[in-house]
Amino acid sequence: MGRPRRTALVTMLGAVALAAPTAAALPAAADDHEYDVLVVGKTLGFRHSSIDEATTAIIALGDAHGFTVDVWDPQQPERTLTSTPFTDAGLDKYETVVFVSTVDGTNNLDPARPTLLDSAELEAFQGYIRDGGGFAGIHAATDSMHTIPWYSQLTGGGARFVGHPAQQTAVQDVVDQTHPSTEHLDSTWTRFDEWYNFNVSPSPYVRVLTNIDESTYNPGRTAMGEDHPLAWCHNFEGARSWYTAGGHTEASYVEPAFLQHVLGGIQWTAGVVDGGGDCVTWYEIDTLMADLIDSGELSRNAERQLVRHYEAAKALAESGDHAGAAERLNGLKGQVRGHVKDEELRELLADKADDLQTWQLGLS
């Protein structure tokens, strides 16, 4: 089955053997295989011992939930594809690509150091993303291709791994339970893992799903403070992108809640499930509106009205009044439908405003 294409906004505006998890550990459901997933476990730097466990777990999830898994990881020779899938034709069959702790040793920012993907592979991967392919990153997926800014924008908001304390138990606040990867969780999620710190918080640019409470563990010398996302999602250049910083330990991949978390991320990025406004963000709407205004599509009065309704809704959301924000978004949608002349752009922005409203209603 070929993957469905999702239109990019930039284009429209015109850019050891391992035991499988037990059945009890896997989220329930079973279907025929209906789509294809590529798991990338290749590394050029430090190699996490849990990559093999993660691969085993995702294959088992695919068997239970209707997707076929191919593996690109020369260090798992019994599983890997025989040649790189990072070509235009090679990637075309996959609904989503999952990077599992793909460390390549570029965190010293040496531009001469080889990156996980070479230039031709990167070009093919960029084309895949811009043509609507999905991306899911697990744990050290943010410790890869540090010298390629586009990749850290894909993984989320430019956030790159910079360090971690000792493995320990900590509490994540589940700040968004509307997404398929978090809807099974309570408002807090306590587990043992290796907790990453990042060079910047991605929160201005992504939908934060979980935020770790640094008061519940020792975050180490690269602590981030209150704004410390651990899982997030966003729409990027036409693709659905999802990331979780969990998954360092082998035990993660027989942990039911974590497996459900990963499954939701895979299913959502593949476009086979929706939910919670599908990770639309205020930043996404803001960027789309700015491009629309710059195009000269709107009168000055219509521009003011769109901005007024958007800013009022965002302020209500930031104050915690999500129901109020959802109500105010009706005004934004009315202005869009009344004043944006280009039908394609009008429907695009109205649909995104609908997603934003769905998200706010879910949070309320």
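A residue is called buried here when its relative accessible area is under 20%, and with that cut-off in mind the tour of this predicted model can begin inside its sheet.

**Stop one: strand 3.** Select residues 96-100, which make up strand 3, and colour them by accessibility: five of the five residues are buried, so that by this cut-off the strand is mostly covered. In a regular strand the side chains alternate between the two faces of the sheet. Turning on the side chains here, you will find Thr-96, Val-98 and Val-100 pointing one way, while Val-97 and Phe-99 point the other way.

**Stop two: the neighbours of strand 3.** Which strands pair with strand 3 in the parallel sense? Add residues 35-40, strand 1, which pairs with strand 3 in the parallel sense over four bridges, and look for Val-37, whose bridge partner in strand 3 is Thr-96. Then add strand 4 (134-138), which is also parallel to strand 3 and is joined to it over five bridges; here Val-97 stands opposite Phe-135 of strand 4.

**Stop three: the whole sheet.** Widening the selection brings in an open sheet of nine strands, in the order 2-1-3-4-11-10-9-6-7 and with mixed pairing. Strand 2 (67-72) and strand 7 are the edge strands, each of them pairing on one side only. On average, and with direction ignored, neighbouring strands of this sheet are turned by 20° against each other.

**Stop four: strands 10 and 11, and the helix across them.** Strand 10 and strand 11 (residues 239-244) pair in the antiparallel sense over six bridges, and one place to inspect is Cys-233, which has Trp-242 in strand 11 as its bridge partner. Now show helix 5, residues 149-156, which lies across strand 3, strand 4, strand 10 and strand 11, and runs at about 105° to strand 10.

**Stop five: two residues with positive phi.** Most residues other than glycine have a negative phi, and most peptide bonds are trans. In the loop between strand 10 and strand 11, select Glu-237, whose phi is positive, near 50°, although the residue is not glycine; Glu-237 is partly exposed, with a relative accessible area of 22%. Next go to Asp-278, in the loop between helix 6 and helix 7, where phi is again positive, at about 50°. Is Asp-278 buried or exposed? Its relative accessible area is 15%, and Asp-278 is therefore buried.

**Stop six: the largest cavity.** Rolling a probe the size of a water molecule over the atoms shows where empty space is left. The largest cavity holds about 40 Å³ of space, and its lining includes Trp-189, Arg-191, Trp-195, Phe-258 and His-261. Strand 7 (188-193), strand 10 (229-236) and helix 6 (256-269) are the elements that give two or more residues to this lining, whose residues divide into six nonpolar, five polar and one charged.

**Stop seven: the second largest pocket.** Finish at the second largest pocket, which has a volume of about 490 Å³. To centre the view, select Ser-203, Val-206, Val-208, Trp-282 and Trp-359, which lie nearest the centre of this pocket among the 22 residues that line it. Strand 9 (207-212), helix 7 (282-294), helix 8 (300-318) and helix 10 (343-363) each supply at least two residues of the lining, and the lining residues of this pocket are 10 nonpolar, six polar and six charged.

Notes
Residues are numbered from 1 along each chain as its sequence is written. This is a predicted model: local features need pLDDT of at least 70, side-chain atom pairs count only at pLDDT 80 or more; totals for chains, interfaces and linings use all residues. Side-chain values use heavy atoms; hydrogens and water are left out. On a 1 Å grid over the protein atoms alone, a cavity is a set of points where a 1.4 Å probe fits but cannot get out, and a pocket is an open set with protein on both sides within 12 Å along at least five of seven lines; lining residues have an atom within 4 Å of a point. Grid points are joined across faces, edges and corners, and a volume is the space filled by probe spheres set on the points. Ala, Val, Leu, Ile, Met, Phe, Trp, Tyr, Cys and Pro count as nonpolar, Asp, Glu, Lys and Arg as charged, and the others, Gly among them, as polar. Two strands pair if DSSP finds at least two bridges between them. Axes are lines fitted to C-alpha atoms, for helices over the stretch in contact, and angles run from 0 to 180 degrees between N-to-C directions. Contact means heavy atoms within 4.5 Å. Buried means under 20% relative accessible area, exposed over 50%, partly exposed in between (1.4 Å probe, protein chains only).
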